[in-house]
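Please take a moment with the sequence and the model before reading on. The paragraphs below are meant for someone who meets this structure here.

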Amino acid sequence: MVAPPRLERITVAEAVRRYLAAVEVETIRGVLSPATARSYSRDVAEFGRLAGRDRVLDDVTGADVDSVLVRYQSAPDARYADPGRKAGPGRSTATVNRFRQSVTRFFGYAARECWVQADPMQWAAPPAKVRGSLRTARTALSAGAARSLLATAPAQAPARTDQDLAARDRLVVALLLVLGPRVSELARADVADVTREPGHASWRIRGKGGSTRTVTLSPPLSRALDDYLAVLRPTLAARRPQDEDAQRALLLSWRGRRIDTQAIRALLARAVARMPAPYQREATPHALRHTTATLLVADGWDVKVVAELLGHASIATTGVYLDRIEGELAAAIRSHPLGAAME
């Protein structure tokens with residue numbers, strides 16, 4: 001018989017250090033996206049602080065995990081604090097559940113490495129249900145609002161310096177609305193991911209877990225891409241000729257660095273601010289992802305095709321992205337097959 005592996009009684013701090021080193025390796029290999037890795041690193045480091053860094057990991061019980069979750073939820077969320085004021089209220093249920101998922105993954109790894117005899121998460125309380133509707137910023141735009149947003153991208157460089165990036169901003173907003181990529185996918189896009197041939201252009205999107213999907217760009221998207229690559233990108237890239245990552249990156253900042261997800265959110269917010277008042281409301285890159293899915297399905301596209309476009313492994317995930325379209329229920333009632341029987 002093969003002897004069972006021996007338990008390695010290491011501290012919480014040492015377990016966190018080793019686990020985060022493994023997360024870094026998975027990120028380099030492309031198994032995890034940088035955004036996911038940052039989330040795991042932040043959450044597991046916080047768990048280590050709350051659980052007690054000097055404790056032996058195998059001594060952490062399900063009750064201890066519950067205590068950590070309660071303390072994590074009750075702590076103020078500094079991300080939503082107003083400038084110059086104390087931190088905001090306790091964390092939301094969705095944030096706590098995300099933290100719990102990170103800790104669950106950590107203990108799963110710890111069990112495989114024999115740092116714990118049994119995974120304490122099996123005795124922890126189940127995750128709380130997320131109640132309430134989606135935030136407005138995360139829901140789909142109407143077709144009219146989406147068209148308005150596309151039209152708000154500046155046609156020429158206005159007085160402000162940051163708007164000299166008009167060609168880039170038009171391309172970013174169009175890609176978000178038409179193709180619905182994750183904001184992280186857009187930020188890590190390289191020039192080499194784009195194939196341009198006469199009458200045809202495509203983008204190889206590097207998605208979650210090392211997956212890839214290739215989407216064909218429509219003629220308007222191709223023209224927006226050409227407008228950006230013709231003059232603006234070479235000008236931006238020349239500002240940091242020694243930066244290898246910048247030379248690879250498709251989308252660059254004013255200073256010639258690879259654009260990050262925060263900058264994409266900021267440029268979208270500027271575009272939204274230019275929308276006509278009747279259509280204007282807060283919108284995030286994730287809301288535009290909802291918009292892509294909702295409008296395509298409303299136009300008759302199969303959900304499986306939309307799932308492939310968004311990079312979803314399951315159409316059940318895509319279903320969550322399909323927001324209710326105003327007037328859709330009324331239209332369905334008007335065209336009900338039994339409606340004529342009552343006349």
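What follows goes from the nonpolar cores to a hairpin and then to the salt bridges. The model is a predicted one, and the description should be read with that in mind.

A starting point is the interior, since in soluble globular proteins nonpolar side chains tend to be buried together. The largest nonpolar core holds 48 residues, of which L149, W203 and Y228 touch the most other members. The elements that give two or more residues to this core are α5 (143-152), α6 (166-179), α7, β2, α8 (219-237), α10 and α11 (285-298), and α6 gives the most, with 9 residues. Y228 can serve as a place from which to look around: leaving aside its neighbours within four places in sequence, Y228 is in contact with A167, R168, L171, R233, P234, L250, L251 and L252. Another core, of 29 residues, lies apart from the largest one, and A15, L32, V103 and F106 are among its members.

W203, named above as a residue of the largest core, also leads to the strands, for it stands in β2 opposite V194. Strand β2, residues 200-206, pairs with β1 in the antiparallel sense over 4 bridges. The two strands form a hairpin with 2 residues between them, and in the turn G199 has a positive phi of about 80°.

The charged side chains come next. Side chains of opposite charge can pair when their charged atoms come close, and the count for this model comes to 21 salt bridges. In one of them R258 meets D190, with the closest N and O atoms 2.6 Å apart. This pair links distant parts of the chain, 68 residues apart, as R258 is in the loop between α9 (244-248) and α10 (261-273), while D190 is in the loop between α7 (183-187) and β1 (194-197). D190 has a relative accessible area of 12%, which means that D190 is buried. Both residues belong to a network of salt bridges that also includes D193, R204, R206, D245 and R248.

How far apart are the closest N and O atoms of D58 and R9? They are 3.7 Å apart in a salt bridge that joins the loop between α2 (34-51) and α3 (62-74) to the segment before α1 (12-28), with 49 residues separating the partners. D58 counts as buried because its relative accessibility is 14%, whereas R9, at 48%, counts as partly exposed. Within a single helix, R49 and E46 form a salt bridge of 2.8 Å, N to O; both lie in α2, 3 residues apart, about one turn of the helix.

Conventions: Residues are numbered from 1 along each chain as its sequence is written. This is a predicted model: local features need pLDDT of at least 70, side-chain atom pairs count only at pLDDT 80 or more; totals for chains, interfaces and linings use all residues. Side-chain values use heavy atoms; hydrogens and water are left out. A salt bridge is a side-chain nitrogen of Lys or Arg within 4 Å of a carboxyl oxygen of Asp or Glu. Buried means under 20% relative accessible area, exposed over 50%, partly exposed in between (1.4 Å probe, protein chains only). Two strands pair if DSSP finds at least two bridges between them. A nonpolar core is a set of buried Ala, Val, Leu, Ile, Met, Phe, Trp, Tyr and Cys residues joined through side-chain atoms within 4.5 Å. Contact means heavy atoms within 4.5 Å.
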